[in-house]
Amino acid sequence: MRFSALSGVVHRSVYNHGLFRKLSKLNRNTWELKIRSLCSISRAGFEDYEKERATWNVTIPEKFNFVSDVMDVWALKEKDGVRDKSIPAFWYVSESGKELKWSFQELEQETKKVANVLQEKCDVKHGDNIVVMLPKIPEFWIVNLAAIRIGAVLTPFSMMLRTKDISYRFQTFKPVSIIAHESVVDTIDQVEVSYPNLKTKVVISESANRKKGWLNFHQLKDSVSADHKCADTRSDESSMVFFTSGTTGQPKMVEHSHSSYGLGHLTTGKHFLDLTSNCILWNLSDTGWAKTAYSGLFAPWLFGSCVFVHGMQRFSPFRTLQILDKNENELGPGEIGEISLRKRDGKIFGLFMGYKNEPEKTKKNLTENYFHTGDVGYYDNEGYFWFIGRNDDIINSAGYRIGPFEVESALMEHPAVVEVAVTSSPDKDRGEVVKAFIVLKEQPSSEEEKSRLIKELQDHTKRTTAPYKYPRKIEFLQELPKTVSGKIMRVELKEREWKKS
């Protein structure tokens with residue numbers, strides 16, 4: 001198993017033989033690692049499903065705090081020699097390869113200091129709401145634990161959020177303090193104008209320059225003691241809030257208690273991840289998502305495992321992809337061209353050799369420097385690539401290049417539409433125009449109703465996309481032609497349409 005999944009659990013034997021050090025340096029050579037999920041014998045004692053189902057029971061105490069009742073207990077076990085000290089509790093490798101390792105005892109000291117920062121320097125009280133907006137750096141984990149230690153309610157913000165996203169979450173969650181990375185402070189300052197209720201803003205920065213209105217996290221941490229008494233928290237009181245993705249409306253706040261994650265992920269650690277205190281777990285999830293909480297914090301530390309974090313830089317598609325014109329010139333932001341893969345040393349590892357018995361087609365798609373995908377798209381000023389459609393499917397209407405995908409997506413939003421396929425159709429004035437073939441939920445009862453529905457669909461598309469992309473022609477069909485695998489055959493509809501002319 002390679003480390004391409006959300007979580008990977010490494011045996012102590014791997015760690016001790018130094019193979020994991022190769023992994024931490026992201027060596028892409030073939031690895032033969034003994035991975036927990038390949039073993040048929042459970043280290044956590046999960047051998048009999050029916051027996052486990054019948055006997056599994058978690059007693060929820062009236063009072064519970066994950067840090068004092070779990071983390072600090074592991075620190076004591078470590079001190080007493082019950083837990084092996086050779087495996088860290090937290091292991092971080094930066095993008096440059098710099099390593100940091102903390103034992104459970106060191107985590108206890110770090111989180112106590114940050115707890116004092118929150119209470120003494122940020123005026124955060126038991127039950128207050130706070131936000132953390134950090135990438136994969138150690139401070140994310142100690143702030144999370146410190147918030148639990150003082151009984152604050154924490155929500156993580158993804159580093160990808162923009163001003164409108166942050167503004168909505170501020171107005172909804174109502175935080176009193178935020179701990180953020182230096183790369184997002186300007187964005188947060190823009191939002192703060194409309195949300196004046198933040199008592200304190202704390203920045204984690206490598207620079208000594210002080211940002212106006214922001215407190216320096218490390219300076220604050222250096223100014224407080226490591227003596228702290230953990231808050232007396234109930235099992236059922238609020239501890240964490242996660243925002244949903246908002247696919248069906250505005251994001252909703254999902255609230256968790258001290259026990260719902262702090263004890264609920266006992267089953268994640270035992271039955272799903274099969275963890276023990278000899279394991280090292282690498283969870284690849286972004287810090288803004290709940291997956292980091294349950295597979296990168298609660299589940300592993302419930303079982304005394306090591307949490308491994310690699311602060312990898314965001315993947316840049318420009319290492320592999322380019323947008324090219326027909327002469328293989330690289331295009332700039334917003335310019336539409338063919339999405340192509342750049343070869344390295346004259347090849348692309350894992351790519352097919354060519355089209356068998358079709359040398360001309362192979363030569364066209366596999367040139368000296370690129371693999372031409374046949375997909376048309378562009379990239380924006382932020383480096384995001386946008387797919388428009390297949391080269392053969394692009395509609396060139398009066399000089400406008402229109403991809404069928406966006407038009408189809410717009411039409412599919414209309415409640416009358418079941419399926420749709422968009423192709424080009426010949427036009428004496430524009431060369432070709434957009435035509436939509438649509439399967440309806442109910443057929444129009446009259447020509448008048450048919451005409452009304454066509455106009456309604458056209459107006460809907462104009463509102464949803466750029467007006468020039470709307471289908472000037474619409475034809476209703478009982479069904480669309482499809483391949484044996486269920487893919488719509490636009491090419492058949494296009495050929496049929498052009499043969500009419």
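The following exercises, each with a worked solution, concern a predicted model of a protein chain.

**Exercise 1. Overall description**

Determine how many helices and strands the protein chain contains, and what share of its residues is buried.

*Solution.* Step 1: the secondary structure of the protein chain comprises 16 helices and 21 strands. Step 2: of the 501 residues, 50% are buried. Step 3: the C-alpha atoms occupy a box of roughly 85 × 55 × 55 Å along the principal axes. Step 4: the chain exposes about 26,500 Å², and carbon and sulfur atoms supply 50% of that area. Step 5: when contacts between residues at least 6 apart in sequence are considered, 66% of them join residues at least 24 apart.

**Exercise 2. A sheet of three strands**

Establish the strand order of the open sheet that contains S19, S20 and S21, and identify which helices pack on it.

*Solution.* Step 1: the order is S19-S20-S21, and the pairing is mixed. Step 2: strand S19 (417–427) and strand S21 (473–476) are the edge strands, since each pairs on one side only. Step 3: direction ignored, neighbouring strands of this sheet are turned by 25 degrees against each other on average. Step 4: S19 pairs with strand S20 (residues 431–440) in the antiparallel sense over ten bridges, and Ser 424 stands opposite Val 434 in S20. Step 5: helix H14 (residues 404–412) packs on the sheet and touches S19 and S20; the direction of H14 makes about 140 degrees with that of S19. Step 6: helix H15 (residues 447–464) also packs on the sheet, touching S19, S20 and S21, and its direction makes about 125 degrees with that of S21.

**Exercise 3. The surroundings of Ser 259**

Decide whether Ser 259 is buried or exposed, and list the residues that it touches beyond four places away in sequence.

*Solution.* Step 1: Ser 259 belongs to helix H10 (residues 258–262). Step 2: the relative accessible area of Ser 259 is 10%; buried means under 20%, and therefore Ser 259 is buried. Step 3: leaving aside residues up to four places away in sequence, Ser 259 touches Ile 60, Phe 64, Ser 235 and Gly 264. Step 4: Ile 60 and Ser 259 are 199 residues apart in sequence, yet their C-alpha atoms are 7.3 Å apart in space.

**Exercise 4. A nonpolar surface patch**

Classify Tyr 384 by its accessibility and name the patch residues.

*Solution.* Step 1: Tyr 384 is located in the loop between strand S15 (370–379) and strand S16 (385–390). Step 2: because its relative accessibility is 31%, Tyr 384 counts as partly exposed. Step 3: Met 160, Trp 289, Tyr 384 and Trp 386 make a nonpolar surface patch of about 430 Å².

Key:
Residues numbered from 1 in each chain as written. Predicted model: local features only at pLDDT ≥ 70, side-chain atom pairs only at ≥ 80, totals over all residues. Heavy atoms only, no water. Patch = residues over 30% accessible without salt bridge, like charges linked within 9 Å, V, L, I, M, F, W, Y side chains within 5 Å. Areas by Shrake-Rupley, 256 points an atom, 1.4 Å probe, with all protein chains shown as cover. Salt bridge = Lys/Arg side-chain N within 4 Å of Asp/Glu carboxyl O. Helix = DSSP H or I, 4+ residues; strand = E, 2+ residues; numbered from the N terminus. Buried < 20%, exposed > 50% of the residue type's maximum accessible area, 1.4 Å probe, protein only. Pairing = 2+ DSSP bridges. Axes fitted to C-alpha atoms, helices over the stretch in contact; angles between N-to-C directions. Contact = heavy atoms within 4.5 Å.
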